[in-house]
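This report looks at the pockets of one protein and at the ligand that it holds. Please have the structure open while you read.

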Amino acid sequence: MKRPSSIVILTGAGISAESGVDTFRDAGGIWSKVDYRDVATPQGFARNPRLVHDFYNQRRRGMAGVAPNAAHVALARLEHAFSGAFLLVTQNIDDLHERAGSSRLIHMHGEIGQALCSNCGNRLHWPGDMDVDTLCPACHSMGTLRPDVVWFGEMPYHLGRIERALEACDLFVSIGTSGSVYPAAGFVEEARRHGAHTVELNLEPSDGFSLFAEAEHGKATEIVPAFVERLLAGE
Ligand code: NAD
């Protein structure tokens, strides 16, 4: 592979699977246990905010028991060892990339460890539970806090910055994502249109597999560190 000068990496639930975080659409994944319309839409939250808080409280508590795996660590190593432009875009709301040492990172679907107040618009670090009667520490209103997570029907974060990085990159790598949720699923075509080499690293061929110039299928903890080493060696 020609040595790139600008890299964009997209990650999805599959990179955190071997850390013990459930994926969404796989058999046994989160959407086989709960209806996304109940817990991941603004309408579901309006209907039953207590149910939605319970769901995210449980997921937030679950984060304490998981740790970054070799794939997260490899991407942090790449960021620090690579001298060109680098952006890691994750669809994941967990903080495993940060805990592995990544910093040039965008959470396009928000973060489980943050709260968003619908009254004052403040985003707050939120490591504990939240409920319908929790007060917003910034504006002191009650019942206005929600997890700072992008739900279906809402606009993902930082799309302008992501778009500029995709236009400028010469290597785009998609890791552990089913390629079924837009706009992230369209990033490969955006990068290709601007001439980037495109690589899929996933357990199995994703929905958008045929759009990639190169693909490798296997466990993230095995194929991502190997890919990073090859990339840094200039092979
Ligand atoms: P996904 O569950 O759709 O796909 C996970 C992919 O990872 C699969 O293709 C699977 O083959 C692969 N995989 C599984 N284990 C792996 C491993 N060990 N190594 C490598 N790959 C592995 O998850 P996604 O692609 O991140 O999908 C984006 C998701 O974001 C959507 O499913 C959507 O539901 C979700 N989302 C959730 C929220 C929320 O929680 N509120 C908000 C917005 C979007």
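About 380 Å³ of space lies in the second largest pocket of this predicted model. Here a pocket is an open set of points on a 1 Å grid over the protein atoms alone, where a 1.4 Å probe fits and protein lies on both sides within 12 Å along at least five of seven lines; lining residues have an atom within 4 Å of a point. A volume is the space filled by probe spheres set on the points, which are joined across faces, edges and corners.

As the model is predicted, local features need pLDDT of at least 70 and side-chain atom pairs count only at pLDDT 80 or more, whereas totals for chains, interfaces and linings use all residues. Residues are numbered from 1 along each chain as its sequence is written, and side-chain values use heavy atoms, with hydrogens and water left out.

The lining of the second largest pocket has 17 residues, and Asp22, Ile30, Phe55, Gln58 and Arg59 are those nearest its centre. The helix α5 gives the most to this lining, with 6 residues, while α2 (30–33) and α3 (36–39) are among the elements that each supply at least two. Helices (H or I, at least four residues) and strands (E, at least two) are DSSP runs, numbered from the N terminus.

The largest pocket has a volume of about 920 Å³, and its space is taken by the ligand. Of the 50 residues that line the largest pocket, Gly12, Ala13, Phe24, Thr177 and Ser178 lie nearest its centre. The most residues from one element, 3, come from α1.

Around the ligand there is a shell of 29 residues, with Phe24, Trp31, Val150, Thr177 and Ser178 the closest; a residue counts as near if one of its heavy atoms lies within 4 Å. Both α1 (14–17) and α5 (49–62) supply at least two residues of this shell. Three polar contacts, each a pair of N or O atoms within 3.5 Å, are listed below.

| Ligand atom | Protein partner | Distance |
|---|---|---|
| nitrogen | Glu18, side-chain N or O | 2.9 Å |
| oxygen | Phe24, backbone N or O | 2.7 Å |
| oxygen | Asn202, side-chain N or O | 2.9 Å |

Taken alone the ligand exposes 850 Å², and the protein buries 96% of that area, as computed by the Shrake-Rupley method with a 1.4 Å probe.

Terms used
Polar contact = N/O pair within 3.5 Å; in protein donor to acceptor, adjacent residues only side chain to side chain. Sits in = over half its atoms within 2 Å of the grid points.
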